[in-house]
Amino acid sequence: MVEYRIDRRSGIATYLQIVQQTKQALRLGVLAPGDRLPTAKEVVAATAINPNTVLKAYRELEREGLVEPRPGLGTFVRRSLARPGAAADSPLRAELADWADRARAAGLGREDVTALVASVLEERFGETAAPGERGHEENE
């Protein structure tokens, strides 16, 4: 099950953080069709946010066709965004983790790595969007 982490200093609306984290879990294969999302009550208990914020995020995910509410049962994943090369246990992820370890050993901080990765993504994919904003919209 996904555990949401809310960064109140990020400048990103709380409901969008839930949407983005859910999509990331769907892309990595952490969530799969049929899985139940945490209830609003569970998210509120873990994050101390307003339950309406959770419901707004879940409505957005439903609008995008990713989840469906089942009255009395909860909200369930309808479809995955996972691609074999992006799974949490994929060789590509392991290589990326090794690269991140080397970057840290070289003295790069999180913001340095983020800037470096963003520049390579822009160069290779021709996009300037933040993570989760662009990519494979035709499949979302």
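Axes here are lines fitted to C-alpha atoms, for helices over the stretch in contact, and the angles between their N-to-C directions run from 0 to 180 degrees. With that in hand, let's look around this structure, which is a predicted model.

**The overall layout**

The chain has 5 helices and 2 strands. Starting at the N terminus, you meet them in the order α-α-α-β-β-α-α. Of the 140 residues in the chain, 24% are buried. If you take the contacts between residues at least 6 apart in sequence, 55% of them join residues at least 24 apart.

**Helix 2 against helix 3**

Helix 2 covers residues 40–47, and its axis comes within 9 Å of the axis of helix 3, crossing at roughly 125 degrees. Angles from 65 to 115 degrees count as roughly perpendicular and those over 145 as roughly antiparallel, with this one in neither range, so helix 2 is oblique to helix 3. The crossing of these two helices is right-handed.

Who touches whom? On the helix 2 side there are Ala40, Val43 and Val44, and they meet Pro51, Val54, Leu55 and Tyr58 of helix 3. Sorted by class, the residues of this contact come out as 7 nonpolar, with no polar and no charged ones.

**Helix 1 against helix 3**

Helix 3 (residues 51–63) also meets helix 1 (residues 14–28): their axes come within 8 Å and cross at roughly 45 degrees. Helix 1 and helix 3 are therefore oblique to each other. Helix 1 passes helix 3 in a right-handed crossing.

From helix 1, the residues taking part are Thr14, Tyr15, Ile18, Val19, Thr22 and Lys23, and their partners in helix 3 are Thr53, Val54, Lys56, Ala57, Tyr58, Glu60 and Leu61. This contact is a mix by class, with 7 nonpolar, 3 polar and 3 charged residues. Val54 and Tyr58 turn up here, and they are also listed in the contact with helix 2.

**Salt bridges**

Side chains of opposite charge can pair when their charged atoms come close. How many salt bridges does the structure hold? There are 5, and the table gives some of them.

| Salt bridge | N to O distance |
|---|---|
| Lys23 and Glu64 | 2.7 Å |
| Glu60 and Arg63 | 2.7 Å |
| Glu123 and Arg124 | 2.7 Å |

Take the pair of Lys23 and Glu64. It ties together distant parts of the chain, with Lys23 in helix 1 and Glu64 in the loop between helix 3 and strand 1 (67–70), 41 residues apart. Are these two residues buried or exposed? Lys23 has a relative accessible area of 8%, which is under the 20% limit, so it is buried. Glu64 has 18% relative accessibility and counts as buried for that reason too.

The pair of Glu60 and Arg63 sits within one element: both residues lie in helix 3, 3 residues apart, about one turn of the helix. Arg63 has 60% relative accessibility, so it counts as exposed. Glu60, its partner in the salt bridge, is also on the list of helix 3 residues that meet helix 1.

That leaves the pair of Glu123 and Arg124, whose side chains meet in a salt bridge. Glu123 counts as exposed because its relative accessibility is 56%, and Arg124 counts as exposed at 61%.

Note on methods
Residues are numbered from 1 along each chain as its sequence is written. This is a predicted model: local features need pLDDT of at least 70, side-chain atom pairs count only at pLDDT 80 or more; totals for chains, interfaces and linings use all residues. Side-chain values use heavy atoms; hydrogens and water are left out. Helices (H or I, at least four residues) and strands (E, at least two) are DSSP runs, numbered from the N terminus. Angles under 35 degrees count as roughly parallel, over 145 as roughly antiparallel, 65 to 115 as roughly perpendicular and the rest as oblique. A crossing is left-handed if the near helix is turned anticlockwise from the far one by less than a right angle, and right-handed if clockwise. Contact means heavy atoms within 4.5 Å. Ala, Val, Leu, Ile, Met, Phe, Trp, Tyr, Cys and Pro count as nonpolar, Asp, Glu, Lys and Arg as charged, and the others, Gly among them, as polar. A salt bridge is a side-chain nitrogen of Lys or Arg within 4 Å of a carboxyl oxygen of Asp or Glu. Buried means under 20% relative accessible area, exposed over 50%, partly exposed in between (1.4 Å probe, protein chains only).
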